[in-house]
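Here are some exercises to work through with the model open beside you. Try each task yourself before reading the solution.

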Amino acid sequence: MPKPLLLALPLALAVSAASAETVRSERATFRVTPVAGGLENPWGLAILPDGRMLVTERPGRVRLVGADGRLSDPLAGTPGTVANRQGGMLDVVLHPRFAENGFVYICHVTEGQGGTSSTITRLKLEGERFSEPRTILSVTPRVGNGLHFGCRMAFGQDGMLFAGFGDRFQMDRAQDLGDLNGKIIRLADDGAVPQDNPFVGRQGARPEIWSWGHRNIQGLLVDPATGALWAHEHGPQGGDEVNLIRRGANYGWPRTTHGVNYGGATITDNRSLPGMEDALKVWVPSIAPSGFAAVAGDAFPAWRGNLLVGALRDRSLVRLTREGDRITGEERISMFGERIREVRVAPDGRVYLLTDSREGAIWRLDPA
Ligand SMILES: [Ca+2]
């Protein structure tokens with residue numbers, strides 16, 4: 001355990017970090033081991049084929065993390081980012097053929113005419129720097145606030161890139177097909193619009209859109225077993241949702257929701273409407289989900305196929321069981337009072353978490 005890093009960890013873990021913390025959950029007993037600390041609001045994590053990791057920090061940095069937990073300096077060649085309120089350097093994913101091409105995709109906030117927006121930039125990782133920046137998509141219209149950027153990404157099994165964006169706290173945008181806010185989009189790896197997207201050729205609709213009616217996507221997952229796309233999003237006060245994403249479907253916001261506005265004002269009485277998809281799972285009160293991963297590999301056989309969700313407000317790791325397209329159960333595993341921003345599962349099945357604070361950390365879960 002690299003000692004200097006422990007200084008930045010929360011007391012509960014730091015006290016016994018020499019042996020890590022043991023957690024007994026319903027189906028598995030595991031150790032939580034701090035891998036690296038001293039990260040300022042880490043947000044996205046990508047595990048490289050050689051076991052190193054890329055981690056983003058919301059103020060605008062991306063670092064490499066060695067297998068020994070050593071953090072690199074912020075990587076040169078990282079594009080400029082506007083870090084304001086919820087915005088900044090957010091998600092990071094690898095190209096499906098990263099081992100051949102070195103491509104990394106970041107989702108971050110940029111500024112232009114009209115305000116700020118979520119932007120996806122493709123970069124090439126060469127040694128410990130980025131090169132060849134290419135803008136894949138910048139969400140429009142831009143908006144002049146610092147809220148609800150969404151910005152989670154995942155590659156489909158067909159090699160297409162999905163990304164989920166928030167409504168920018170202007171809810172009616174989610175029902176406007178001419179607006180990319182409050183949508184999940186699908187693009188080729190170079191940013192081209194696939195011709196089999198659902199709204200290609202429809203007048204007034206953006207051809208990038210894959211699904212609509214979303215409030216603020218904070219988790220996006222392509223199921224390694226089935227190839228299906230799953231997403232979760234923050235509701236207003238109550239009404240966080242897990243959805244199975246179907247091509248061209250409308251997920252309802254703000255015409256359907258299980259939540260109410262902050263302060264308790266009603267948004268709508270409709271929890272369901274014809275032509276709109278119902279959530280598979282709703283959290284009332286909100287847990288503020290963040291990060292989404294499916295359990296695979298050998299480390300946690302009792303969890304295989306389960307879905308893992310981080311929780312900011314609930315300060316837990318949430319394990320969802322499912323049968324086919326249904327969510328059948330939920331376990332919340334308390335995480336030492338830390339807000340969990342991101343969940344990733346390594347090829348060997350070990351689970352990595354990011355804690356969200358100004359002294360954030362990477363934690364690894366190993367079977368005990
Ligand atoms: Ca919904």
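Domain bounds, which the first exercise needs, come from an automatic or database domain assignment. Keep in mind throughout that this is a predicted model.

**Exercise 1. Find the domains of the protein chain and say how far apart their centres are.**

Step 1. Start with the assignment, which gives domain 1 (1-39 + 288-368) and domain 2 (75-286).

Step 2. Take the centres over C-alpha atoms: those of domain 1 and domain 2 are separated by 24 Å.

Step 3. Now look at the contact, to which domain 1 gives 16 residues and domain 2 gives 16 residues.

Step 4. On the side of domain 1 that touches domain 2, strand 18 (289-294), strand 19 (307-311) and strand 21 (326-334) each supply at least two residues. Strand 18 gives the most to this side, with 6 residues.

**Exercise 2. Describe how strand 19 is covered and which strands it pairs with.**

Step 1. Check the cover: 5 of the 5 residues of strand 19 are buried, so the strand is mostly covered.

Step 2. Sort the side chains by direction. Leu307, Val309 and Ala311 point one way, Leu308 and Gly310 point the other way, and all are buried.

Step 3. Look at the pairing with strand 18, which is antiparallel and runs over 5 bridges. Here Ala293 has Leu308 of strand 19 as its bridge partner.

Step 4. Turn to strand 20 (residues 316-323), which is also joined to strand 19 by 5 bridges and runs antiparallel to it. Leu308 appears again, with Arg319 in strand 20 as its bridge partner.

Step 5. Finish at the turn. Strand 19 and strand 20 form a hairpin with 4 residues between them, and Arg315 in the turn has a positive phi of about 50 degrees.

**Exercise 3. Is Arg58 buried or exposed, and what does it touch?**

Step 1. Place the residue: Arg58 sits in the loop between strand 4 (53-57) and strand 5 (61-65).

Step 2. Count neighbours. A residue is buried if 20 or more other C-beta atoms lie within 10 Å of its own. Arg58 has 24 such atoms within 10 Å, so Arg58 is buried.

Step 3. List the contacts. Leaving out residues up to four places away in sequence, Arg58 touches Asn41, Trp43, Ala83, Gly88, Met89 and Leu90.

Step 4. Look further along the chain: Asp356 is 298 residues from Arg58 in sequence, while the two are 9.8 Å apart in space, C-alpha to C-alpha.

Step 5. Add the strands around this loop. Strand 4 and strand 5 run antiparallel and are joined by 5 bridges; one bridge partner pair is Thr56 with Val62 in strand 5. In their hairpin, which has 3 residues between the strands, Gly60 takes a positive phi near 135 degrees.

**Exercise 4. Which residues other than glycine have a positive phi, and are they buried or partly exposed?**

Step 1. Take Arg315, whose phi is positive, at about 50 degrees, although it is not a glycine. Arg315 counts as partly exposed because it has 19 C-beta neighbours inside 10 Å, and the buried class needs 20 or more.

Step 2. Take Phe336, with a positive phi near 60 degrees. Phe336 lies in the loop between strand 21 and strand 22. Phe336 has 17 other C-beta atoms within 10 Å, so it is partly exposed.

**Exercise 5. Describe the largest nonpolar core.**

Step 1. Give the count: the largest nonpolar core has 88 residues. Those with the most contacts inside it are Met153, Phe162, Ala163, Trp230, Val343 and Ile362.

Step 2. Ask where the residues come from. The core draws at least three residues from each of domain 1 and domain 2.

Step 3. Zoom in on Met153. Beyond its neighbours within four places in sequence, its contacts include Val93, Tyr105, Ile120, Phe162 and Leu220.

**Exercise 6. Where are the cis peptide bonds from Thr140 to Pro141 and from Trp253 to Pro254?**

Step 1. The bond from Thr140 to Pro141 has omega near -5 degrees, and Pro141 is in the loop between strand 9 (129-138) and strand 10 (152-155).

Step 2. The bond from Trp253 to Pro254 has omega near 0 degrees, and Pro254 is in the loop between strand 16 (240-245) and strand 17 (281-283).

Note on methods: Residues numbered from 1 in each chain as written. Predicted model: local features only at pLDDT ≥ 70, side-chain atom pairs only at ≥ 80, totals over all residues. Buried ≥ 20, exposed ≤ 12 C-beta atoms within 10 Å, placed from the backbone. Contact = placed C-beta atoms within 7 Å. Core = buried A, V, L, I, M, F, W, Y, C linked by C-beta atoms within 7 Å. Pairing = 2+ DSSP bridges.
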